[in-house]
Amino acid sequence: MKRYLRCFSALIFLFLFFSCAKSKTHTTYYMSGETKAIYTKNKYCFDGDFVIYYKSGNKKRAGTFENNKLVGLTSYYLDNENNTLHRTSLRSNDSLVFNVIFYPNGTIMKEGYQINQKKISEWKVYNQIGEVIQVEQNP
């Protein structure tokens, strides 16, 4: 019985390993022909860098997937002339995220942590010249 379970476990492991091992870069397009997204995916999951574009051609979002989960830094952009960075999210695990939101001039508007998309701890709010104007306390 133990031998059967070990063999079965080994087969499951090999299936999962090889199902997420062969990555391929994909590109999707808007109906009008502009690039909509470039991403890396294998047969079963997103795995690697991705960039999503506005119809204008500007970046909308860029980041990295690992086994279908966002990991590390994800950047969000405005669809304006300078393609200004609007927000960054740094993921340290499945649910904990440190967010920084920017004014259009590039200075920080607010920053703080979230768990499962809910603000936690303190969030600092800044004016457009970078001075702290408010500290929000969150549970």
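User: Why is T40 called buried?
Analyst: This is a predicted model, and in it T40 has a relative accessible area of 17%. The cut-off for buried is under 20%, so T40 counts as buried. T40 sits in strand β2 (residues 35–41). Leaving aside neighbours within four places in sequence, T40 is in contact with S23, K24, T25, F46, D47, G48 and D49.

User: F46 is among those contacts. What makes F46 partly exposed?
Analyst: F46 has a relative accessible area of 29%. Buried needs under 20% and exposed needs over 50%, so F46 falls in between and is partly exposed.

User: How many aromatic pairs turn up in the whole structure?
Analyst: A search of the whole structure gives four aromatic pairs. One of them is Y39 with F46, at 5.4 Å centre to centre and 65 degrees between the planes.

User: Why is the pair of Y39 and F46 called edge-to-face?
Analyst: The centres have to lie within 6.5 Å, and planes over 60 degrees apart count as edge-to-face. With 5.4 Å and 65 degrees, Y39 and F46 pass on both counts, so the label fits.

User: And what makes F50 and F65 tilted?
Analyst: Their planes are 40 degrees apart, with 5.0 Å between the centres. Stacked needs under 30 degrees and edge-to-face over 60, so 40 degrees leaves the pair as tilted. The pair links distant parts of the chain, with F50 in strand β3 (residues 46–53) and F65 in strand β4 (residues 59–66), 15 residues apart. Both F50 and F65 are buried, and together with Y39 and F46 they form one aromatic cluster.

User: How do you know that K41 lies over the face of F46?
Analyst: K41 is at 5.0 Å from the ring centre. The distance limit is within 6 Å, and the charge must also be within 35 degrees of the ring normal. K119 lies over the face of W123 too, at 4.8 Å from the ring centre.

User: Why is strand β7 said to be largely enclosed?
Analyst: Five of the seven residues of β7 (residues 96–102) are buried, so the rest of the structure largely encloses β7.

User: How do you know that β7 pairs with β6 and with β8?
Analyst: Pairing takes at least two bridges. Five bridges join β6 (residues 85–91) to β7, and seven join β7 to β8 (residues 108–115), so both count as paired. Both pairings are antiparallel. L90 has F98 as its bridge partner in β7, while N99 stands opposite G112 in β8.

Key: Residues numbered from 1 in each chain as written. Predicted model: local features only at pLDDT ≥ 70, side-chain atom pairs only at ≥ 80, totals over all residues. Heavy atoms only, no water. Buried < 20%, exposed > 50% of the residue type's maximum accessible area, 1.4 Å probe, protein only. Helix = DSSP H or I, 4+ residues; strand = E, 2+ residues; numbered from the N terminus. Contact = heavy atoms within 4.5 Å. Phe/Tyr/Trp six-rings, centres within 6.5 Å; stacked < 30°, edge-to-face > 60°.
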